[in-house]
Amino acid sequence: PPPPPPPPLARFRRASTPISTIASASAKPSTALFSRLRGEKREVSRQLKFCAGMPRLLIIAALAALCLLGTALSSRDEDDMAAGPPPKARRLHAQPPSSTRQPCPPRPDWRNLRTPRHRYAFGDSALQGAAGANPARVPEGGSPARAAAGASPAHAPPPVREGTEFPAFASLGLGPAPEVYRRAVGDLRELSLMPEPAFPRPPPAGGSMGDVGGADRVSGRFRDSRRVPGETWPEHLQSAASTPFPPQVTRGRRQLRPVAAAAVEFTCSHQLDAVARREERVARMNKIRRSLTLLEEQARRSARARGQLPQVRTVAGSAAVVLIAALVDAMRYPDVALPFLILFGFPVTGIIPDSNVYRPVPRSPEEIAAFERRHRDILAPQSCRRWMDDLTNRVSRNGTRAERDPAFREGLARMEDKIAAEFEKSLTGPPRSLNHLRDAFQVPGGLGCRPLHRFVIFQGDKARAIDNGKSSGTNDAALLFETVCLPSCEWVAAAAAACLDWARRNPNAPTPELLLGTDDVCSAYRRVPCSQPECTLVCYWSLTGSSVKDPKPGAVYRSVFGHPFGLTAAVVNFNRIMEFTTTVASLFLGVLAEHYYDDYMVIEVDHPKAKGSAQQALDSLHKMLGMLPLAEDKHKPPGSTNDVLGVSCDLSQAARGTVIFQPTARRCEKVLAALTSHQDLDHLSPAEAASLVGKLGFICSSLFNRLGRALLAPLRERQHDNSGSTSWTPAMSRMLDALRIILDDASRSARRVDVRMDSDLPPILIYTDASCSSSEKGLGIVLVDTNPASPARLFARAECPEWILARFNDPDWVVNQLENLAAVSALMTFRGRLEGRRVFQFIDNTAAMSAIVHGYSRKPDLAVTANLYHVVSATLRTDVFFEWVPSKANIADIPSRSDHPDWPAFLSEGFEEVTMVLPTPEEWDNPTRILERHRDLDKRS
């Protein structure tokens with residue numbers, strides 16, 4: 001080592017006396033002299049130590065500077081982690097540029113897949129926690145399932161104390177609400193169209209009352225929702241005769257939300273200046289958004305410091321989370337965790353946070369404990385490693401099929417084109433190999449990820465990619481405490497009825513001429529951020545592979561930054577944002593709108609100063625919130641007739657009290673072609689069945705009496721089948737034959753919904769009942785027509801034929817099947833009197849009534865009789881409303897039993913007996929025979 005530098009002795013020499021002088025002055029120095037010398041020695045020693053420590057301080061300072069520089073570079077790398085492949089590789093996935101597409105945010109750097117930093121960039125793996133890693137990072141108050149998932153406090157909504165003034169802002173973790181935020185919330189409350197909006201939660205699913213004329217349910221259970229009082233049959237009969245018949249629009253599956261009343265008032269009262277009014281409101285909201293700009297930046301910086309995933313920033317980095325929080329606090333909206341989840345991502349496994357908006361699903365402690373055990377088993381690293389081996393075999397079979405099936409190979413090519421388009425939009429990551437995946441997600445004992453199997457299905461001429469969250473077990477690792485409650489096309493009728501009711505209450509105002517417009521969210525599920533990227537990886541067979549230098553077929557893994565379509569939690573997570581956006585549009589911009597998943601239905605007024613303003617305001621709101629942009633190519637301007645998900649909605653006669661629904665021929669042809677294709681291939685997977693159930697269910701809601709819903713029972717069984725069976729069954733063939741007749745152009749009839757809130761024509765009252773004993777299987781029907789022009793009191797009775805009893809497969813449900821058979825026989829017996837009329841039908845059996853009300857049942861025998869009822873009702877075009885009646889108040893109990901003690905009193909009321917008509921064996925086995933016979937009668941007439 002180099003010699004040490006000379007000590008700085010100048011000060012010592014100046015202040016000290018030379019040693020030689022002291023020695024010559026005295027041979028024996030004094031005590032004071034030696035004390036002085038010792039002090040000078042200590043001073044020299046201190047200065048020498050300081051000089052020797054200077055290089056060490058410089059080294060420490062240099063190391064600190066290097067650490068700061070490394071942190072900055074690491075932060076930049078995390079922001080660019082999805083930047084995609086190098087230029088040569090990107091040309092492989094090049095897509096034609098779009099003139100309307102906005103610039104994409106940067107992706108993370110794909111070249112650092114093998115570094116430990118990449119593993120950190122993907123956040124706290126839910127499966128690392130299952131292996132025992134990071135036990136201290138479990139959120140306080142979390143469940144054992146969340147503890148098993150290893151969720152970090154940054155990615156779990158923090159608990160908010162009751163009584164907090166601004167709970168949504170508190171969930172962001174930015175400290176007390178500053179004055180600018182308080183002013184913004186106050187300004188939003190002044191802008192609201194309703195001072196104290198209400199957000200009632202739908203009741204739990206159960207036996208709920210509705211009608212079979214297209215409406216699904218009314219709040220409450222059968223016994224708690226009675227409109228007609230009476231505990232004895234004379235009392236009930238008298239009360240039913242004076243009870244007004246409920247209008248159709250009050251019985252829809254999803255009625256207008258409470259805040260929609262403000263939108264109806266705004267839409268109808270500002271028919272002449274809606275454009276200017278909505279533009280003013282949009283401008284005021286934009287001003288509020290600009291005032292929160294500094295808080296938005298603070299929220300983003302805080303999220304980065306707290307471990308926000310780069311995928312979340314890529315998907316929802318432009319979301320105005322502070323503005324969303326201000327809207328939540330201003331409305332006192334129940335989903336207070338929504339801004340936090342948008343900022344850090346929604347979970348897809350574990351216990352999914354409840355929004356307090358949708359219909360609750362009660363869970364017992366035993367069910368939760370069983371889920372926690374199942375969750376740990378599924379997400380254990382050893383389990384994930386076994387699933388990876390199984391997934392490799394599944395994907396390899398797709399490659400084998402692609403080699404020998406050109407059509408399947410073409411489907412894979414089209415699927416890859418769509419994946420490349422998503423990659424260009426920064427919605428997915430680059431292609432990776434299995435080695436990359438293992439290096440990034442390797443944990444002690446196995447793997448820390450559970451990819452989904454992505455495969456292609458054919459729906460007519462369309463190839464659609466499906467991410468199978470069921471086969472991977474990811475859906476079983478998620479527990480939800482709510483289920484979505486979405487509307488059907490009947491919402492349009494409910495909105496028209498509300499506008500007509502406003503016109504009736506304001507006779508001096510012009511009756512609004514209504515129009516319908518539609519919009520669609522672009523890449524809907526993909527734009528919802530996810531906090532668990534290890535569960536949103538997908539694996540599929542690629543024709544080009546993952547290597548850019550040597551492209552060849554093989555299994556490819558990609559990271560989906562948002563939500564894949566096949567996850568159970570994705571449905572609730574996406575609709576939480578859509579529900580919030582729809583509520584804000586109604587409450588602050590006066591937009592009368594509703595959403596069905598990612599599709600908007602918007603009601604406008606046909607006036608030059610109002611037409612189109614609602615859809616423009618809705619688009620401005622989405623841009624203001626900075627997420628879920630609307631697709632320009634799917635925008636449909638307002639018109640008197642418009643198509644909504646394959647259903648034609650005609651509002652041209654809405655001002656006169658009628659809205660017409662009819663499934664479009666194109667949608668019916670596509671669905672039938674898809675079913676025929678599955679029949680020819682002898683293959684129908686649960687995922688494919690679920691897709692068909694959703695499309696056919698929406699189509700059937702537009703048919704009279706939702707005709708055909710019970711026919712979908714084979715599809716529903718396959719949808720929930722866990723046995724792995726994919727073959728086409730004879731029951732599916734019978735279903736397809738019936739749907740061909742129902743959806744045929746000649747027999748498909750438009751459904752006309754009366755949107756008037758009152759009617760002068762009294763309804764017909766029908767009571768049905770059945771007796772089931774060892775000696776008697778009796779059916780009883782009673783009809784009371786209260787129309788003064790044609791009053792009648794009739795009844796019919798019969799013994800159930802043996803051939804029908806032989807077709808009942810479940811002896812425990814015979815009485816329920818007989819109850820449904822009596823209801824079917826009532827329509828067939830009084831066919832001439834019921835045609836085109838409104839009917840109050842009373843049944844004392846809730847199981848039988850539920851099968852008819854909902855149009856289907858899991859019990860095959862009940863599904864058959866429910867379908868028979870709907871077919872007969874459709875041919876008669878009756879508007880039926882069902883209600884439960886106590887057994888002692890059911891007058892039909894008398895004719896169903898030959899030994900009933902009230903026979904004399906019953907006959908004294910003037911009832912006349914007629915012959916009961918029952919379905920024939922051919923009609924029972926094939927209900928479409930009833931439609932064919934009715935169609936033949938119409939042609940003859």
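Among contacts in the chain between residues at least 6 apart in sequence, what percentage join residues at least 24 apart?

**Figure 1. The whole chain of the predicted model.** Of the contacts between residues at least 6 apart in sequence, 77% join residues at least 24 apart. The chain contains 35 helices and 26 strands. Its length is 941 residues, and 54% of them are buried. The exposed area of the chain is about 41000 Å², of which carbon and sulfur atoms supply 54%.

**Figure 2. Close-up of helix α24, residues 665-681.** This helix has 17 residues and reaches 24 Å from its first C-alpha to its last, close to the 24 Å expected at 1.5 Å a residue. The buried residues of α24 are Cys-668, Val-671, Leu-672, Ala-674, Leu-675 and His-678. They cover an arc of only 150° around the axis and therefore lie on the same side of α24. An α-helix has 3.6 residues a turn, so residues three or four places apart point the same way. On the other side of α24, the exposed residues are Arg-666, Glu-669, Asp-680 and Leu-681.

**Figure 3. Close-up of Asp-682, just after α24.** Asp-682 takes a positive phi of about 55°. The helix that precedes Asp-682 is α24, which comprises residues 665-681.

**Figure 4. Close-up of Asn-867 in helix α32.** Helix α32 spans residues 860-876, and Asn-867 has its place there. With a relative accessible area of 6%, Asn-867 is buried, because buried means under 20% relative accessible area. Asn-867 and Pro-927 are 60 residues apart in sequence, yet the C-alpha to C-alpha separation of this pair in space is 7.6 Å.

Technical notes. Residues are numbered from 1 along each chain as its sequence is written. This is a predicted model: local features need pLDDT of at least 70, side-chain atom pairs count only at pLDDT 80 or more; totals for chains, interfaces and linings use all residues. Side-chain values use heavy atoms; hydrogens and water are left out. Helices (H or I, at least four residues) and strands (E, at least two) are DSSP runs, numbered from the N terminus. Buried means under 20% relative accessible area, exposed over 50%, partly exposed in between (1.4 Å probe, protein chains only). Contact means heavy atoms within 4.5 Å. Accessible areas come from the Shrake-Rupley method with a 1.4 Å probe; for residues, only the protein chains shown count as cover. The expected span of a helix is 1.5 Å times one less than its number of residues. The arc is that of the directions from the helix axis to the C-beta atoms.
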